[in-house]
Amino acid sequence: QVQLVESGGGLVQPGGSLRLSCAASGSFFSLYAMGWYRQAPEKQREMVAMISRNGSAVYEDSVTGRFTISRDNDKNTIYLQMNSLKPDDTAVYYCNADVQSYLGTRHNSWGQGTQVTVSS
């Protein structure tokens with residue numbers, strides 16, 4: 001079983017920055033693609049950024065140029081640096097991971113989420 005724990009959310013003014021972290025722990029063989037999703041009130045969950053094990057990243061259009069995803073494979077951790085934040089970025093941000101168990105099976109795992117609020 002893998003546990004994903006997010007941290008770094010909070011309240012920030014428009015134009016400000018936050019850095020989210022997601023650390024994976026527990027018993028697993030490997031982590032493949034990992035990423036961040038977000039869900040605003042009354043909206044569907046959407047992908048924000050994803051990163052492969054070798055560091056290739058993709059971004060949702062509205063965050064391109066403002067957000068940067070990175071990962072540290074030695075620490076089983078990913079990060080999301082968020083700059084030039086806008087009120088529309090307000091949401092619960094969830095960490096996601098494609099996990100391979102020691103039995104060779106693959107499954108998707110989610111963190112509990114961290115609230116990001118952008119407001120003056």
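Trainee: Which residues form a disulfide, and how far apart are their sulfur atoms?
Mentor: This is a predicted model, and a search of the whole structure finds 1 disulfide. A disulfide is a covalent bond between the sulfur atoms of two cysteines. Here the pair is Cys22 and Cys95, with sulfur atoms 2.0 Å apart.

Trainee: What is the handedness of the link between Cys22 and Cys95?
Mentor: The handedness goes with the angle about the S-S bond, which is -80 degrees. With that angle, the link of Cys22 and Cys95 is left-handed.

Trainee: Which strands hold Cys22 and Cys95, and how many residues apart in sequence are the parts they tie together?
Mentor: Cys22 lies in strand β3 (residues 18–26). Cys95 lies in strand β9 (residues 91–100), so the pair ties together parts of the chain separated in sequence by 73 residues.

Trainee: Is Cys22 buried or exposed?
Mentor: Buried means under 20% relative accessible area. Cys22 has 0% relative accessibility, so Cys22 counts as buried. Its partner Cys95 also has a relative accessible area of 0%, and is therefore buried.

Trainee: In what order do the 4 strands of the open sheet lie?
Mentor: The pairing in this sheet is antiparallel. Its edge strands, each pairing on one side only, are β1 (2–7) and β7 (67–72). The twist from one strand to the next averages 15 degrees. The order is β1-β3-β8-β7.

Trainee: Which residue in β8 stands opposite Leu18?
Mentor: β3 pairs with strand β8 (residues 77–82) in the antiparallel sense, over 6 bridges. Across from Leu18, the residue in β8 is Met82.

Trainee: Which strand supplies the largest share of the largest nonpolar core?
Mentor: In soluble globular proteins, nonpolar side chains tend to be buried together. The largest nonpolar core here has 29 residues, and those with the most contacts inside it include Trp36, Phe67 and Met82. At least two residues of this core come from each of β1, β3, β4, β5 (46–51), β7, β8, β9 and β11 (114–118). The largest share, 5 residues, comes from β9.

Trainee: Leaving aside neighbours within four places in sequence, what is Phe67 in contact with?
Mentor: Phe67 is one of the residues with the most contacts inside the largest nonpolar core. Leaving aside neighbours within four places in sequence, its contacts are Arg38, Val48, Tyr59, Leu80, Gln81, Met82, Asn83, Leu85, Asp89 and Tyr93.

Trainee: Is Ser30 buried or exposed?
Mentor: Ser30 is in strand β4 (residues 30–39). Leaving aside neighbours within four places in sequence, Ser30 is in contact with Arg53, Asp98, Val99 and Gln100. Its relative accessible area is 9%, so Ser30 is buried.

Key: Residues numbered from 1 in each chain as written. Predicted model: local features only at pLDDT ≥ 70, side-chain atom pairs only at ≥ 80, totals over all residues. Heavy atoms only, no water. Buried < 20%, exposed > 50% of the residue type's maximum accessible area, 1.4 Å probe, protein only. Contact = heavy atoms within 4.5 Å. Disulfide = S-S within 2.5 Å. Pairing = 2+ DSSP bridges. Axes fitted to C-alpha atoms, helices over the stretch in contact; angles between N-to-C directions. Core = buried A, V, L, I, M, F, W, Y, C linked by side-chain atoms within 4.5 Å.
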